[in-house]
Amino acid sequence: MPAYTPSNLSPERNLAQIQAGGTLRVAIIGGGFSGVATAIQLLRRSHPGRLEVFLIEKSSRIGGGLAYGSDRGTAILNVTAEKKSVLQNAPEHLVNWLRRT
């Protein structure tokens, strides 16, 4: 694997690599809500097999983070669940997911 330095991590290099049929590797530091949401959006928008996402989290729990990492079994939301979604075209995604689990 090549060494990555600021000079070879440019958007132009990444675009050229993708256009040449290569795979782009992305590391996301922090596996809380925002890190997981970022990974989901990147993977949803990429071509199959053209993106590798590495989610780096120091704890054993992914997706919790400070806001959702409570051990109480409950979370207080600042908006209704029907309006909370990481998928722009599916605002009801969270509620549907909660109903399935």
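How many residues does helix α2 have, and how far does α2 reach from its first C-alpha to its last? Helix α2 covers residues 33-45, which gives 13 residues. The helix reaches 18 Å between those two end atoms. That is close to the 18 Å expected at 1.5 Å a residue. The model is predicted.

Now step back to the whole chain. The protein holds four helices and two strands. Read from the N terminus, the elements run α-β-α-β-α-α. Of the 101 residues in the protein, 16% are buried. Contacts also link separate parts of the sequence. Take the contacts between residues at least 6 apart in sequence: 58% of them join residues at least 24 apart.

Return to α2 and look at its buried residues. Gly35, Ala37, Ala39 and Gln41 are buried in this helix. What do the buried residues of α2 pack against? They pack against β1 and against β2, which spans residues 51-56.

Next, the surface. The protein exposes about 7,900 Å². Carbon and sulfur atoms supply 58% of that area. Which residues make a nonpolar patch there? Ile29, Phe54 and Ile56 do, and the patch measures about 310 Å².

Follow Ile29 a little further. This residue lies in strand β1, residues 24-29. Is Ile29 buried or exposed? Ile29 counts as exposed because its relative accessibility is 69%, and the cut-off for exposed is over 50%. So strand β1 appears twice in this account: the buried residues of α2 pack against β1, and Ile29 of β1 helps make the nonpolar surface patch.

Note on methods:
Residues numbered from 1 in each chain as written. Predicted model: local features only at pLDDT ≥ 70, side-chain atom pairs only at ≥ 80, totals over all residues. Heavy atoms only, no water. Patch = residues over 30% accessible without salt bridge, like charges linked within 9 Å, V, L, I, M, F, W, Y side chains within 5 Å. Areas by Shrake-Rupley, 256 points an atom, 1.4 Å probe, with all protein chains shown as cover. Salt bridge = Lys/Arg side-chain N within 4 Å of Asp/Glu carboxyl O. Buried < 20%, exposed > 50% of the residue type's maximum accessible area, 1.4 Å probe, protein only. Expected span 1.5 Å × (residues − 1). Contact = heavy atoms within 4.5 Å.
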